[in-house]
Structures are given as C-alpha cells and as structure tokens.
Amino acid sequence: MDIGIIGTGAVGSALASGWAAAGHDVVLGSRTPDSTAADGTRVQVRGQREAAAFGDVVVLALPAGAVTDVATYLENELAEKPVVDTTNEYPFASDDRSLAVRLAETVPQARVVKAFNTVGAERLADPVVDGQPATMFLAGDDLRACDVVAGLARDLGFDPLRAGDVDAAEHLEHLARFWISLSQTYGRDIAFRLLEE
Ligand SMILES: NC(=O)c1ccc[n+]([C@@H]2O[C@H](COP(=O)([O-])OP(=O)(O)OC[C@H]3O[C@@H](n4cnc5c(N)ncnc54)[C@H](OP(=O)(O)O)[C@@H]3O)[C@@H](O)[C@H]2O)c1
C-alpha cells in the first residue's frame, strides 16, 4: 500500500519504519523536507502536499494544535481517503468534541479513523510483549476505512479492535491520557491489551 505520513516526529518516524519494514511504500511529509531526515528510517521525506497526494492512506502524526490547520491545507489530497488521526491532547482536552470529531468536521470528505494514539511511539513498530500483541483501538464511521487501518495495525504486529464510530474516539483520547499518566510510573514500554474469549 502507498502510505503518506504527515509529520516527521516520533510517531511519524516510528510508523514509517514499521510499515516500510512490512513492505509498504511510505513517504513522510514535512514542512521542511530539504532539511529533515526522519530518525532511524530510510523513508523519503517530501513536502506535506506531495506526501498526502502519494498516500492511498494518509496518517496525520502532528501536534494536536496543528492538525486541523494542516488538514485544511491538505483538504483536496485527503478527500475520499482513509485519514488516520494519531493526535492527543494532554493533560486535558481543550474542547468537548474529540480531536477526531473536530478533524472529521474540518475535512468532511476524508474518512477519518482514530488510531495509533493509545501507545507510546517506541511501541508502534514493536507491539508484541512476551508473545502477546498489544491491542490497537480504532474509531471511525467508515467501515472500509477502518478495515484498511486495522490491516495496517496488524502489519505492525498489533491486534486491532474497532471501538466504534468516530464518536468513540473520545474514549481513545481519554485512554491515551490514562496511558501517559501510567507511563510516568510504569515506563513508556507499557501497552494495553483487551482480553476476550
Ligand atoms: N510521542 C508519542 O509517544 C505519541 C504516541 C501516540 C500519539 N502521540 C500523538 O501523536 C502526535 C504526534 O506525536 P509526535 O510525538 O510525533 O509529535 P512531534 O514529535 O511533536 O512531531 C510532530 C511533527 O509534526 C510536524 N508539524 C507540522 N506542523 C507542525 C506545527 N505547527 N508545529 C509543530 N510540528 C508540526 C513536525 O514535522 P515537520 O517539522 O517535519 O513538519 C513534527 O515533527 C501528537 O498529537 C501526539 O500527542 C504521540
């Protein structure tokens, strides 16, 4: 699959490494492509618009405060595609609506899926602990887009689980704040797993 990742920080770089290793074609999008090298990856870095146009799926790995502005800038490139929202706000949400709902309202033609926000960047390409895959929770309205993102989570080694429609992203953003709080005591290697029979 062709994947565009916007944002070359810890999350963007980790996802790029993991998916490139799994055989996907990945382009990272940066505000400053000429001077940015994504740490630890051999993935090429281009401008944000070029990376978004490249992807059949586009991942927004951006600061929460930048995501709606960047999505507006990339609106045409995001239309009709699965668009993955990885963003979190900490220590508090700044709005009653989740970041993913605000993103979906900003770019209504994009198929927004909340994912990859409930684990630390270090575990994104290394999600199996003692043989147990961490659960990757997803939330989105479009079932086909969720299926695509679930497949990409599986390719990294996660056990994907759709938590619900985009309104369930609120729970995932709370869960991420809980993860951050726990990680301050138990370390950044921790990850959630849902037990089911
Ligand atoms: N770090 C984690 O463990 C983790 C885990 C799960 C989720 N998250 C969430 O995922 C998102 C990305 O996390 P991250 O740790 O990768 O963030 P980060 O290291 O701060 O990187 C974000 C990237 O976004 C790009 N960017 C575009 N517009 C920007 C702007 N206006 N201001 C600053 N950067 C801008 C930058 O890349 P260019 O300079 O190349 O454009 C930057 O490297 C955040 O919302 C975070 O809360 C983080």
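**A walk through a predicted model**

Let me start at one residue, Phe116: it has 27 C-beta neighbours inside 10 Å, so it counts as buried. You will find Phe116 in the loop between strand 6, residues 111-114, and strand 7, residues 128-129. Its backbone is worth a look too, since Phe116 has a positive phi of about 60 degrees although it is not a glycine.

Before we go on, please keep in mind that this is a predicted model.

There is another residue to set beside Phe116. Glu80, again not a glycine, has a positive phi, near 70 degrees. Glu80 sits in the loop between helix 4, residues 75-78, and strand 5. Is Glu80 buried or exposed? Glu80 counts as exposed, because it has 10 C-beta neighbours inside 10 Å, and the cut-off for exposed is 12 or fewer.

Now let's step back to the whole chain. It has seven helices and 10 strands. Along the principal axes, the C-alpha atoms fill a box of roughly 40 × 35 × 30 Å. How does the radius of gyration fit with a compact globule? For 197 residues, such a globule would have a radius of gyration near 16 Å, and the chain has 15 Å, which agrees. Of those 197 residues, 49% count as buried. And if you take the contacts in the chain with a separation of 6 or more, 68% of them are between residues 24 or more positions apart.

Next, the sheet. Eight strands form an open sheet, and their order is 3-2-1-4-5-6-9-10, with mixed pairing. At the edges are strand 3, residues 44-47, and strand 10, residues 159-164, each of which pairs on one side only. From one strand to the next, the twist averages 30 degrees.

Let's walk across part of that sheet, strand by strand. Strand 1, residues 2-6, runs parallel to strand 2, residues 25-30, and five bridges join the two. One residue to follow here is Gly4, whose bridge partner in strand 2 is Val27. Helix 1 packs on the sheet, where it touches strand 1, strand 2 and strand 4, residues 57-60. The direction of helix 1 makes about 165 degrees with that of strand 2.

Strand 1 also runs parallel to strand 4, and four bridges join them. Which residue of strand 4 stands opposite Gly4? That is Val58. Moving on, strand 4 pairs with strand 5 in the parallel sense over three bridges, and here Val58 stands opposite Val83.

Strand 4 deserves a pause, as both of its faces are covered. Val57 and Val59 lie on one side, Val58 and Leu60 lie on the other, and all are buried.

From strand 5, follow the chain into the loop that leads to helix 5. Two places in that loop are good to look at. Pro91 is found there, and a cis peptide bond joins Tyr90 and Pro91, with omega about 5 degrees. Thr87 is in the loop between strand 5, residues 82-85, and helix 5, residues 99-106. Why does Thr87 count as buried? It has 27 other C-beta atoms within 10 Å, and the cut-off for buried is 20 or more.

What does Thr87 touch? Leaving aside neighbours within four places in sequence, Thr87 is in contact with Leu60, Leu62, Ala64, Val67, Leu99 and Asn117. Thr87 and Ala115 are 28 residues apart along the chain, and their C-alpha atoms are separated by 8.7 Å.

Helix 5 itself has several buried residues: Leu99, Ala100, Val101, Leu103 and Ala104. What covers them includes helix 3, strand 5, strand 6, strand 9, residues 135-140, and helix 7, residues 169-186.

That brings me to the ligand, where we meet Thr87 again. Which of the 22 residues around the ligand come nearest? They are Gly7, Gly9, Val11, Ser30 and Thr87. The residues of this shell divide into nine nonpolar, 12 polar and one charged. Helix 1, residues 10-21, and helix 3, residues 64-73, each supply at least two residues of the shell.

If you take one residue away with you, let it be Thr87, which is buried, lies in the loop between strand 5 and helix 5, and is among the residues that come nearest the ligand. Thanks for listening!

Technical notes: Residues are numbered from 1 along each chain as its sequence is written. This is a predicted model: local features need pLDDT of at least 70, side-chain atom pairs count only at pLDDT 80 or more; totals for chains, interfaces and linings use all residues. A residue is near a molecule or strand if its C-beta atom, placed from the backbone, lies within 6 Å of it. Ala, Val, Leu, Ile, Met, Phe, Trp, Tyr, Cys and Pro count as nonpolar, Asp, Glu, Lys and Arg as charged, and the others, Gly among them, as polar. The radius of gyration is taken over C-alpha atoms; the globule rule is 2.2 Å times the number of residues to the power 0.38. Two residues are in contact if their C-beta atoms, placed from the backbone, lie within 7 Å. Two strands pair if DSSP finds at least two bridges between them. Axes are lines fitted to C-alpha atoms, for helices over the stretch in contact, and angles run from 0 to 180 degrees between N-to-C directions.
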